[in-house]
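Thanks, everyone, for making the time this morning. Please have the sequence and the model open in front of you, and I will take you through a few parts of it.

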Amino acid sequence: MYDGAMLKEVYCELFKSTAGPRGRIQFHQGLNTVLGGEAADNSIGKSTFLLILDYCFGGETYGKANVKNYVGDHTICFAFHFRDGDHYYSRTVSDSKHVNRCNSEYQPVGDPIDLKAFRQELFDGYEIALEDITFRDMVGRFFRISGKGNDEIENPLHYKSPKGEQAVTAMEKLFGMYQFVGALKKRLKEADEKKKTYNKARRLKLVPSAIKTDKQYAKNIARIDELQVELAGLTKDTDSDLLEKELQRKTEEAEAASRLRGMKRQYGRLASQYRVVTKNRDDAFVTTEDNLQTLASYFPTVNIKRIEEVEAFHRKLHGILDSELSDEAQSLQVLMQAATQEIQKLEAELVELGIPIQVPKPFLEKYSELQREISALESQNEAFEQTEQFKADVEAVEKDLDVAESQVLRDIEDMLNAQMVRYNDRVYEVRREAPTIKFESKAKYDFHTPRDDGKGTAFKSLIVLDLSILKLTELPAIAHDSSIFKNIGDLPIDGIMDIYLESKKQIFIAFDKEGAYTKKVADAVTDTAVIKLGENGDQLFGWTWAIKEGK
């Protein structure tokens, strides 16, 4: 964390006093006091000003306050000093979800950024090295201002949520110890989600859901054993008969397949011979009278008579061959037909052999009934086992988390309690009981001062707690409203002021009734005052809307 980071100034054109506009209000490291008058004036703007500072630190309460209803929409301008220089911003009350980056004259530069991005810039500017925590989760709970609802002395670590678990987790993160439990918390969440999802599936009957107890599970096991014995007896004799018939069927199937392949080859040879015979028979050439006349027109000297004698011989020879080819074709057709019939017979035989061996119907029905019951019982038990496994997974992670978180919280307790003793001893001249904190679980803590339940002591202890956390962690700043000091005696205030003054981190307080405390306190708040408010035009905005007009 960068020790030099701080809120440098705040400005609003509506800030006024009897002397005129207040201009830029400058801050410094350590204690910064918003000072009220000796009469402990109310409704002069002390709490409002602290809410504005909280607004500069990324808070949202001021944007929701009633101030805008009386003074109208307005813009809060402010600057932070970080290691790389000064950074200027502005936030308009009517659009508190966005922040403007500005130049040194508070003129917006570029597009507005959203509030989350602005808070991250503050986180980075302060060079905070913590993980899994936001800037507001650090700062917000320790800016104790009237109107924010976080000034309870019973639950000082609560912030925005009534759940103690969020407060405890915030301490783990703020003290840099969350890494020891964060991974286990993530595992626990995942395991719990699996368990809930599976249980929901069982309720919706997407998985078996009949078994809910160990007794039912054991009863299912016993019944499954009985059914297995019955099933074994049912199939003992039948299995051997089925095996013998299956072997016989396989043998016959192989023989038929072999004969079928041979017959198909024989049919192929016959078909090839038939195609040759029919082609030779159909391709015979016979010369006609027209053919001879055409030949004589091209060759006038040709011996037509001799050609006719040759052709007569050819026709006689063709007649003999055609008769023989027709006989052979007919013979081949007979053989092919016989082969076709044999092929069809073998194919039918193979189809028949491919059908499973017939099993007696009563056997099949009983066998199926037993198998269904066994399967149903096994599914129920598997679902029960899965449910029990999910429960065991959750319990195992919870146990690991409890051990780890218990140790982490004890360490935080020890550090905090030791520091509160040191600070408390400085608050009183005579040593008195210091406030103590005890983390009773991951969702509950107890904060009190032993043997002293007075209201003044309770508020003193609240301040001691905040100062101790500021000292021990990377928390960058705290704020205490004037209402916190009202019930605390003069002597404790003296000691608290000493601790305030020695802090290098910024502390913002609203303080009034100068004359009611010691000179030491009066000098301290006067020296550290950044703005002084009072009645008669010296209110924050130069007037107050709390006074009823007229009679």
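Between β7 and β8 there is a hairpin, and five residues make the connection. The model we are looking at is a predicted one, so please keep that in mind as I go on. Strand β8, which covers residues 98–102, runs antiparallel to β7 and is joined to it by three bridges, and within this pairing Ser90 stands opposite Asn100.

On the other side of the pairing scheme, β7, residues 85–92, also pairs with β6, residues 75–82, again in the antiparallel sense, and here there are eight bridges. The hairpin that links β6 to β7 does so through two residues, and Ile76 is found opposite Arg91 of β7.

Let me turn now to helix α12, which takes in residues 455–472, 18 residues in total, and spans 26 Å from its first C-alpha to its last, close to the 26 Å expected at 1.5 Å a residue. Of those 18 residues, 15 are buried, under 20% relative accessible area, and α12 is therefore largely enclosed by the rest of the structure.

Which element gives the most to the lining of the second largest pocket? That is α12, with three residues, and both α12 and α13, residues 490–502, give two or more. The pocket holds about 250 Å³ of space, and its lining residues include Asp3, Tyr423, Leu467, Lys471 and Glu502. By character, the lining divides into five charged residues, four nonpolar and one polar.

Terms used:
Residues numbered from 1 in each chain as written. Predicted model: local features only at pLDDT ≥ 70, side-chain atom pairs only at ≥ 80, totals over all residues. Heavy atoms only, no water. Helix = DSSP H or I, 4+ residues; strand = E, 2+ residues; numbered from the N terminus. Expected span 1.5 Å × (residues − 1). Buried < 20%, exposed > 50% of the residue type's maximum accessible area, 1.4 Å probe, protein only. 1 Å grid on protein atoms, 1.4 Å probe; cavity = no way out; pocket = protein on both sides within 12 Å on 5 of 7 lines; lining within 4 Å. Points joined across faces, edges and corners; volume = space filled by probe spheres on them. Nonpolar A, V, L, I, M, F, W, Y, C, P; charged D, E, K, R; others polar. Pairing = 2+ DSSP bridges.
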